Amino acid sequence: MNLRRSFLGWPVLRQAAGSDRLGRGSAVSSPRTTDYTARTETADRVVGSVCPYCAVGCAQKVY
């Protein structure tokens, strides 16, 4: 295994060595993270509810 390639696999080093200085794009993405989908995309339905935390009555969506 190439030593340089293994070190550049670390996101912080990809961020420092590349053009993505803020770490919000290609420096922090990997094949594993690009395969993820949001759990709300595969929800069967959306139901309106009331948040039970403090009883103020804030509305929330339950997927």
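Here are legends for several close-up views of a predicted model.

**View 1. The whole chain, from helices to strands.**
Let's start with the overall layout before zooming in. The predicted chain has 3 helices and 2 strands, and starting at the N terminus these elements follow the order α-α-α-β-β. Among its 63 residues, 5% count as buried. The chain exposes about 5800 Å², and 56% of that area is supplied by carbon and sulfur atoms. If you like to think in contact maps, look at the pairs with a separation of 6 or more: residues 24 or more positions apart make up 0% of those contacts.

**View 2. A nonpolar patch made by Trp10, Val12 and Leu13.**
Here we look at the surface around the start of helix 2. Trp10, Val12 and Leu13 make a nonpolar surface patch of about 300 Å². Tryptophan 10 sits in the loop that links helix 1 (3-7) to helix 2, while valine 12 belongs to helix 2 itself, which covers residues 11-17. Is each of these two buried or exposed? Valine 12 counts as exposed because its relative accessible area is 55%, over the 50% cut-off. Tryptophan 10 is partly exposed, at 49%. Tryptophan 10 also has a partner further along the chain to look for: its C-alpha atom is 8.8 Å from that of valine 28, although 18 residues separate the two in sequence.

**View 3. Glycine 23, a buried residue in a loop.**
Now move along to the loop between helix 2 and helix 3 (31-34), where glycine 23 lies. Why does glycine 23 count as buried? Its relative accessibility is 19%, and the cut-off for buried is under 20%, so glycine 23 falls on the buried side. Setting aside residues up to four places away in sequence, glycine 23 touches Gln15 and Val28. Proline 11 is a handy landmark here: its C-alpha atom and that of glycine 23 are separated by 8.2 Å, with the two residues 12 apart along the chain.

**View 4. Serine 26, an exposed residue in the loop between helix 2 and helix 3.**
Stay in this loop for a moment, since serine 26 also lies between helix 2 and helix 3. Serine 26 is exposed, with a relative accessible area of 55%. Which residues does serine 26 contact once its neighbours within four places in sequence are left aside? They are Arg14 and Asp20. Proline 11 can serve as a landmark again: serine 26 and proline 11 are 15 residues apart in sequence, and their C-alpha atoms are 9.2 Å apart in space.

**View 5. Cysteines without a disulfide.**
This view is about sulfur atoms. How many disulfides does the structure hold? The count is 0. Cysteine 51 takes part in no disulfide, and the cysteine sulfur nearest to its own, that of cysteine 58, is 6.1 Å away. For cysteine 54, the closest cysteine sulfur is also in cysteine 58, at 5.5 Å, which is too far for a bond. The reasoning rests on a simple cut-off, because a disulfide needs two cysteine sulfur atoms within 2.5 Å. On accessibility, cysteine 51 is partly exposed at 27% relative accessible area, and cysteine 54 is partly exposed at 48%.

**View 6. The annotated segment and alanine 59.**
The last view takes in residues 44-63, where UniProt, in an unreviewed entry, places the feature "domain: 4Fe-4S Mo/W bis-MGD-type". In the model, this stretch is 40% strand and 0% helix. The C-alpha atoms at the ends of residues 44-63 are 8 Å apart. Alanine 59 is found in strand 2, which runs over residues 59-62. Is alanine 59 buried or exposed? Alanine 59 is exposed, with a relative accessible area of 73%. For a distance to check in your viewer, try alanine 59 and serine 49: their C-alpha atoms are separated by 5.9 Å, and the residues are 10 apart along the chain.

Definitions and conventions
Residues are numbered from 1 along each chain as its sequence is written. This is a predicted model: local features need pLDDT of at least 70, side-chain atom pairs count only at pLDDT 80 or more; totals for chains, interfaces and linings use all residues. Side-chain values use heavy atoms; hydrogens and water are left out. Buried means under 20% relative accessible area, exposed over 50%, partly exposed in between (1.4 Å probe, protein chains only). Patches are made of residues with over 30% relative accessible area and no salt bridge: like charges are joined within 9 Å, nonpolar side chains (Val, Leu, Ile, Met, Phe, Trp, Tyr) within 5 Å. Accessible areas come from the Shrake-Rupley method with a 1.4 Å probe; for residues, only the protein chains shown count as cover. A salt bridge is a side-chain nitrogen of Lys or Arg within 4 Å of a carboxyl oxygen of Asp or Glu. Helices (H or I, at least four residues) and strands (E, at least two) are DSSP runs, numbered from the N terminus. Contact means heavy atoms within 4.5 Å. UniProt positions are given in the numbering used here, feature names are shortened, and annotations may be inferred rather than shown by experiment.
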